[in-house]
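Q: Could you take a close look at one part of this model for me, going residue by residue? Please keep it casual, but spell out the cut-offs as you go.

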Amino acid sequence: MTNSRGSVRTASWTLCMTALFFVLTACASTRADPDEGDAMDQAPTRFRIVPDDYHVPYAGTAADGRKFFLSDELFSRDSSYVGLFLWKADGTFDEVKVDKVTRPAGLPPGQAASANADKLVAARLAELGKYVLEPIDVEPFTKEIDNITFGWEVSQYEGEYSIHIEPGDFIAYYEPWDGLGYDT
């Protein structure tokens, strides 16, 4: 025999569970465009690089309107590189200029550090003409040079996309691709 309090509790519980089911079903199936996947299901085609005082000191626009990123922290197992990545004014990949330099002694494998190539960095910056350090919106790209991958590579791990720099993988951007934070 069920008392009236038990019936009310059972009815309330059933009503709450039914309402929760409909809310969750509506959330899971609502999309602005049913033919389009969720943003997290799609690889990014653009991302922002914002200059900072850590791993991104040189990003901006060159005198000729091209977007650029310059780093002296690129590295592979045995070598370090100074890399100048260039995009056309519209953010599409243009070219990459790479100089192999001596890896600083005593660095643990897998650690990014300045290659202490200040003259080379200054020369690459001079090639840009009068440049402006500013956020840039560009497409990811990779290019093989001497069997080493250079660029910004898109990868996916456990359903989450990232864009990381190569070689060295010491900067990784994630959604929302605004360049305001990155993992090192």
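A: Asn 147 sits in the loop between β8 (141-145) and β9; strands here are DSSP runs of E with at least two residues, numbered from the N terminus along with the helices (H or I, at least four). Asn 147 isn't a glycine, yet its phi is positive, at about 65°. With a relative accessibility of 75%, Asn 147 counts as exposed (exposed is over 50% relative accessible area, buried is under 20%, and partly exposed falls in between, with a 1.4 Å probe and protein chains only).

Keep in mind that this is a predicted model, where local features need pLDDT of at least 70 and side-chain atom pairs count only at pLDDT 80 or more, while totals for chains, interfaces and linings use all residues. Numbering starts from 1 along each chain as its sequence is written, and side-chain values use heavy atoms, with hydrogens and water left out.

Next, hop over to the loop between β9 (148-157) and β10 (160-166), where you'll find Glu 158. Its phi is positive too, near 50°, and Glu 158 is not a glycine either. Glu 158 is exposed, at 69% relative accessible area.

Glu 158 also helps make a negative surface patch, together with Glu 160, Glu 175 and Asp 183. Patch residues need over 30% relative accessible area and no salt bridge, and like charges are joined within 9 Å (nonpolar side chains, namely Val, Leu, Ile, Met, Phe, Trp and Tyr, within 5 Å). The areas are Shrake-Rupley values with a 1.4 Å probe, and for residues only the protein chains shown count as cover. A salt bridge would be a Lys or Arg side-chain nitrogen within 4 Å of an Asp or Glu carboxyl oxygen. Asp and Glu count as negative, Lys and Arg as positive, and His and the chain ends are skipped. Each charge is placed at CD of Glu, CG of Asp, NZ of Lys or CZ of Arg.

One patch member, Glu 175, is joined to Pro 176 by a cis peptide bond with omega about 25°. Pro 176 belongs to the segment after β11. There's a cis bond from Glu 166 to Pro 167 as well, with omega near -5°, and Pro 167 lies in the loop between β10 and β11 (172-173).

For a buried spot, try Ile 136, in strand β7 (residues 136-138). Ile 136 has a relative accessible area of 1%. Gly 179 is 43 residues away from Ile 136 in sequence, but 8.9 Å away in space, C-alpha to C-alpha.
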